[in-house]
Structures are given as structure tokens and as C-alpha cells.
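Colleague: I am new to this structure and would like a close look at a single part of it. Please take one strand and work outward from there.

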Amino acid sequence: MTGITLQRLDDNFGRWNELLELILASFAYMDGRIDPPSSALSLTAQSLREKARAEIGYIAFDGDRLAGCIFCRPEPDSLYIGKLAVLPSAQGKGIGRRLLSLAETTAQERGLRVLRLETRIELTGNHATFANWGFAKTAENRHAGFDRTTSIEMRKALI
């Protein structure tokens, strides 16, 4: 995995539009498959900058190209994982696993023993990937206004 580097998102980062494009490209396969549509569609470069200030974000570079990201939000008993995204052309290189490993370290540094995420009910491939990464389904949820399950919660206990 030469050429892949990871770094913390901070105020020195200046490629917010590129980060937005990465997230939108990574989540594009969901268009028309999930209902309601992904919250990624409402992101802007400015809201990403604010998200990085409020949460713990990491980015992955493949050389100089922005290739992936993850946002982590500490909760009382877990670290919530959101917007885990890898550029489609960079998938299969272990970038997602490396970003998730950073999230595990972040959780442990904060005394949190669980990672938590939500994934849409329709995205069964994501369910399988997260299960392979040690996550287990712990709940079914629904978005406001829906009378059916729209997402599942998955958790991973950290040693």
C-alpha cells in the first residue's frame, strides 16, 4: 500500500471542494437505491469545514490525490463513525480499513470501547463489509416520517 498516507483534518486543510467531490462520488451509487436520499447530498464545502471542527476527521491520500475520509464523533459510550468514503477508483486498496483503524485508535485514546455506525437498510453490501470488519447489527432505525426500517445500527467492540 505504498503511496497511501493518512492525516487528521484541521484548519490547515484547504481542499474542501475536493473532499466534497470525493464524498459525493463515493456515495453516488446510493442515488435511487436508498430512501430517504443520503445526507451527503446536503453537504457543502463550508459544512464539511464545520463538521471537521466539530468532529474528528481523517483523510487518506493516494500520492497527492484525495482518496478517502472518515468522520468520528465521540458519544458517551461509543465513537460514532460517519461519512466513511473512499473514491471509487481507489477502492480495494485497504483505505477504508486503514481509516477505520484510525477510528479505533481514536476511540481507545478517549476511553471509548465501541465503534458505532449506521448504514442504510438497502445497502446489504455495506452490511457484509462492516460485518467482515467486526461490526454486528444492534438495532433497526427509521428516519422521521417513515413507517419502515430505513437504516441499521452496527457496533464493534474494541479490545
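How many of the seven residues of S5 are buried? Please set the strand in its surroundings as well.

Modeller: A caution comes before the answer: this is a predicted model. Six of the seven residues of S5 are buried, so the strand is largely enclosed by the rest of the structure.

The sheet is the place to begin. Seven strands make up an open sheet with mixed pairing, in the order S1-S2-S3-S4-S5-S7-S6. The edges are held by strand S1 (4-8) and strand S6 (136-141); each has a single partner strand, so one side of each lacks a neighbour in the sheet. From one strand to the next, the twist averages 25 degrees. In the order of the sheet, S5 stands between S4 and S7. Strands of a sheet pair through backbone hydrogen bonds, either parallel or antiparallel.

S5 shows both kinds of pairing. With S7 (residues 151-157), S5 (residues 114-120) runs antiparallel, and seven bridges join the two. One of the bridge pairs is Leu115 with Lys156 of S7. With S4, S5 runs parallel, and three bridges join these strands. Here Tyr80 has Arg116 of S5 as its bridge partner.

Two helices that pack on the sheet belong in the picture. Helix H4 (residues 124-132) touches S4, S5 and S7, and its direction makes about 165 degrees with that of S5. Helix H1 (residues 16-27) touches strand S2 (56-62), strand S3 (65-74) and strand S4 (79-86), and its direction makes about 85 degrees with that of S3.

Within S5, Leu117 deserves a separate look. Leu117 is part of this strand, and its relative accessibility of 3% counts as buried. Leaving aside residues up to four places away in sequence, Leu117 touches Tyr80, Ile81, Phe130, Phe135, Ile152, Glu153 and Met154. Tyr80 is thus named twice in this account: as the bridge partner of Arg116 and as a contact of Leu117. Phe27 can serve as a distance marker: its C-alpha atom is separated by 16 Å from that of Leu117, and the two positions lie 90 residues apart along the chain.

S5 also has charged residues to consider. Side chains of opposite charge can pair when their charged atoms come close. A network of salt bridges links Arg73, Glu75, Asp77, Arg116, Glu118, Glu153 and Arg155. Arg116 of this network is the S5 residue paired with Tyr80, and Glu153 is among the contacts of Leu117.

The count for the model comes to 17 salt bridges. One of them joins Lys93 and Asp62, with the closest N and O atoms 2.5 Å apart. Lys93 lies in the loop between S4 and helix H3 (95-109) and Asp62 in strand S2, so this pair ties together parts that are 31 residues apart in sequence. Lys93 is partly exposed, at a relative accessible area of 37%, whereas Asp62 is buried, at 18%. Arg53 and Asp11 form another salt bridge, with the closest N and O atoms 3.1 Å apart. Arg53 sits in helix H2 and Asp11 in the loop between S1 and H1, so to speak distant parts of the chain, 42 residues apart. Both of these residues are exposed. In a further pair, Glu140 and Lys137, the closest N and O atoms are 2.6 Å apart. Glu140 is partly exposed at 47% relative accessibility, and Lys137 is partly exposed at 48%.

Returning to S4, the parallel neighbour of S5, there is a backbone detail at Lys83. This residue belongs to S4, and its phi is near 50 degrees, a positive value in a residue other than glycine. At 17% relative accessibility, Lys83 counts as buried.

Helix H1 adds one more contact. The axes of H1 and H2 come within 8 Å and cross at roughly 95 degrees, which makes H1 roughly perpendicular to H2. Trp16, Asn17, Leu19, Leu20 and Ile23 in H1 meet Ala45, Leu48, Arg49 and Ala52 in H2. By class, these are seven nonpolar, one polar and one charged residues. In the loop between H1 and H2 (45-54) lies Pro36, and the peptide bond from Asp35 to Pro36 is cis, with omega near 5 degrees.

Terms used:
Residues are numbered from 1 along each chain as its sequence is written. This is a predicted model: local features need pLDDT of at least 70, side-chain atom pairs count only at pLDDT 80 or more; totals for chains, interfaces and linings use all residues. Side-chain values use heavy atoms; hydrogens and water are left out. Two strands pair if DSSP finds at least two bridges between them. Helices (H or I, at least four residues) and strands (E, at least two) are DSSP runs, numbered from the N terminus. Axes are lines fitted to C-alpha atoms, for helices over the stretch in contact, and angles run from 0 to 180 degrees between N-to-C directions. Contact means heavy atoms within 4.5 Å. Buried means under 20% relative accessible area, exposed over 50%, partly exposed in between (1.4 Å probe, protein chains only). A salt bridge is a side-chain nitrogen of Lys or Arg within 4 Å of a carboxyl oxygen of Asp or Glu. Angles under 35 degrees count as roughly parallel, over 145 as roughly antiparallel, 65 to 115 as roughly perpendicular and the rest as oblique. Ala, Val, Leu, Ile, Met, Phe, Trp, Tyr, Cys and Pro count as nonpolar, Asp, Glu, Lys and Arg as charged, and the others, Gly among them, as polar.
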